[in-house]
Amino acid sequence: MISMDKKIKILGIVGSLRKDSFNKALMNYAMSIHLKDAEIELADISEIPIFNQDLESSVPESVKTFKSKIKNSNAILISTPEYNYSIPGGLKNAIDWASRPYGDNSFDGKIVGMMSGSGGYMGGARAQYHLRQVFVFLNMHPINKPEVMVPMVHQKINENGILTDETTKKKIEELLQALINHAKKLTD
Ligand SMILES: Cc1cc2nc3c(=O)[nH]c(=O)nc-3n(C[C@H](O)[C@H](O)[C@H](O)COP(=O)(O)O)c2cc1C
């Protein structure tokens, strides 16, 4: 339950670990937007080891931190590239860890918004649709519209890593608003 005077907590997850990631730049733009009723914190998935069910009995610290950040959030915002027409391995790995152990899926019931940027013309659409399939099993509530898929993303981020494309900025603002509205509705 979100009380009216409390800000909605959004956890941002970036699917690329690249230092100059364009998808990180999209997330940075989202984080730069002044929100009066919400705040975005960024998760770090770079230290999460490759999932091995044998490790579930002694969960790594990086996973414990990730799971608790998810649980403490009201909504999730993912910004990811598409790798080989799908979800980057690092992101899928982090999702798999957070969904475990059986019966302790940290994503259960969370609202999730997603955006993607790619160097091609599809803007990461295929990765987003694979993500949506994963969200079904995780029992998450994805935002359907707007879809933020940014084709030729490298042309929309300047040499300082700043998003410059006004249409993309507007779409990200709309997505954030939809995420916040849904988070409020679901917890009323
Ligand atoms: C392993 C790998 C697979 C890729 N596969 C795709 C793909 O399927 N579709 C696509 O549009 N771009 C693909 N790309 C290109 C990415 O869109 C591009 O490198 C993008 O900048 C990566 O996002 P980032 O800047 O956030 O790291 C791939 C890149 C890598 C490294």
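Start by selecting P146, which sits in the loop between β5 (141-142) and β6; helices (H or I, at least four residues) and strands (E, at least two) are DSSP runs, numbered from the N terminus. The peptide bond from K145 to P146 is cis, with omega near 5°. What you are looking at is a predicted model: local features need pLDDT of at least 70, side-chain atom pairs count only at pLDDT 80 or more, and totals for chains, interfaces and linings use all residues. Residue numbers start from 1 along each chain as its sequence is written.

For a second cis bond, go to R100 and P101, where omega is about -5°. P101 belongs to the loop between α3 and β4.

Next, the odd backbone angles. Pick N139, in the loop between α4 and β5: its phi is positive, about 60°, although N139 is not a glycine. Is N139 buried or exposed? It counts as exposed, with 12 C-beta neighbours inside 10 Å. The scale here: 20 or more other C-beta atoms within 10 Å of a residue's own is buried, 12 or fewer is exposed, in between is partly exposed, and C-beta atoms are placed from the backbone. Then jump to M152, in the loop between β6 and α5. M152 also has a positive phi, near 45°, in a residue other than glycine, and M152 is partly exposed, with 13 other C-beta atoms within 10 Å.

Now click M114 in strand β4. M114 counts as buried because 24 C-beta neighbours lie inside 10 Å. Leaving aside neighbours within four places in sequence, M114 is in contact with I78, Q128, L131 and P142 (contact: C-beta atoms, placed from the backbone, within 7 Å). Measure out to K145 if you like: M114 and K145 are 31 residues apart in sequence and 9.9 Å apart in space, C-alpha to C-alpha.

Helix α1 (residues 22-32) is a good next selection, since 8 of its 11 residues are buried. Colour F22, N23, K24, A25, L26, M27, Y29 and A30 to see them. Those buried residues pack against β1 (8-14), β2 (38-42), β3 (75-80), β4 (111-117), β6 (148-150) and α5 (166-187).

Show α2 (residues 61-71) and α3 (residues 89-98) together: their axes come within 10 Å and cross at roughly 75°. That makes α2 roughly perpendicular to α3, a label for angles of 65 to 115 degrees, with under 35 roughly parallel, over 145 roughly antiparallel and the rest oblique. Axes are lines fitted to C-alpha atoms, for helices over the stretch in contact, and angles run from 0 to 180 degrees between N-to-C directions. Which residues make the contact? Select V63, F66, K67 and I70 of α2, plus A94, W97 and A98 of α3.

Bring up the ligand. Of the 14 residues around the ligand, S16, N23, P81, S118 and G120 come nearest (near: C-beta atom, placed from the backbone, within 6 Å).

Finally, zoom out. The protein has 5 helices and 6 strands, in the order β-α-β-α-β-α-β-α-β-β-α along the sequence. Its C-alpha trace spans about 45 × 40 × 25 Å along the principal axes, and buried residues make up 40% of the 188 residues.

Methods: Two residues are in contact if their C-beta atoms, placed from the backbone, lie within 7 Å.
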